[in-house]
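User: Could we go through how the protein meets the DNA in this model?
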2 protein chains.
Amino acid sequence: MDSALRSRLSAAGVAPECAATIELVRDVLARVGDKWTVLVITALADGPLRFKTLHERTAGISQRMLSQTLRSLTRDGLVTRTAYAEVPPRVEYALTPLGRSLGDTVAHVVGWVQEHQAEIVRNREAFDGDDPTAR
Amino acid sequence: MDSALRSRLSAAGVAPECAATIELVRDVLARVGDKWTVLVITALADGPLRFKTLHERTAGISQRMLSQTLRSLTRDGLVTRTAYAEVPPRVEYALTPLGRSLGDTVAHVVGWVQEHQAEIVRNREAFDGDDPTAR
DNA sequence: CAGAATCCTTCGGGATACTG
DNA sequence: CAGTATCCCGAAGGATTCTG
């Protein structure tokens, strides 16, 4: 299965027989495409933040999801978690070099969207206009 | 809200006051991160395909989701749908220039993942090993 | 403050059946 | 062949409460 992705991967110079790669690519792609990941990474792009500040800067995300997202990112080595033994507790999150690298890559996609957003909006309007039943 | 993304966008040269941009960026990002979009786009990268062939090449996706994904992509102007008035019916899907452009951009992310997958896997193992209770 | 745990609702998406 | 319509379950995720 996944012959399509596989062919694309092989075109990129990846051994076709590596099925694990495909799964991981999907996995990471899913994380990047995740509703919250990009938001968190971009929030941390400007520098380390503690939990609460991060929560404020990423308005819309629940504390549960933020916590969960941060743990995933930390696990993948994209973010560091530093807890200070103080009272009240203070925990700071920061991008690792790997995380910054991913942020830059994602920024390309963001750039693409910005470059073509007008066209996409126009396409949607044309589509919806041509066939009102669709949506 | 979304001050983080906004600041990142402004760093990329986007007017900070444009809130609609943020929503659209998220929207398109979500589509790209979607489980099936990348699969379909990469499948179409090699040339036009009819529905059934596409379904075979994208093993794992249900016909319902394929149909749904294709309609979204068509609506955004990333894919063209060409129906031939024959019997039995034949419908061909193909990437538009815009779709190909997006495919190339996404390929960068795919490339990033490939370049760093070993590191990510190592990070995960280290994380899980250090704290068995996690994940 | 930083989060873990619990509860509960929404919905993505698969299986199946039907239509043009 | 190329879909649309129905049904349905499991997972995602928000609100709330509890703990160190």
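Analyst: The following turns cover the protein surface around one DNA strand and then a hairpin. This is a predicted model, in which local features need pLDDT of at least 70, side-chain atom pairs count only at pLDDT 80 or more, and totals for chains, interfaces and linings use all residues. Residues are numbered from 1 along each chain as written, chains are lettered from A and ligands numbered from 1 in written order, and side-chain values use heavy atoms, without hydrogens and water.

User: Which residues come nearest to DNA strand C?
Analyst: Lys52(A), Gln63(A), Arg81(A), Tyr93(A) and Ser62(B) do, out of 18 around the strand; a residue counts as near if one of its heavy atoms lies within 4 Å. Sugar and phosphate make up 57% of the atoms of DNA strand C within 4 Å of the protein.

User: What does the side chain of Tyr93(A) approach?
Analyst: An N or O atom of that side chain is 2.7 Å from a phosphate oxygen of DNA strand C, a polar contact (a pair of N or O atoms within 3.5 Å).

User: And which residue lies 2.9 Å from a base nitrogen?
Analyst: Arg64(B), through a polar side-chain atom.

User: Which element gives the largest share of that surface?
Analyst: α5(A), with four residues; helices here are DSSP runs of H or I with at least four residues, and strands are runs of E with at least two.

User: Changing topic, how do β2(A) and β3(A) pair?
Analyst: They are antiparallel, over six bridges; pairing requires at least two DSSP bridges. The two strands form a hairpin with five residues between them, and Tyr84(A) stands opposite Arg90(A).

How values were computed. A polar contact is a pair of N or O atoms within 3.5 Å; within protein, one must be able to donate a hydrogen and the other to accept it, and residues adjacent in sequence count only if both atoms are side-chain atoms.
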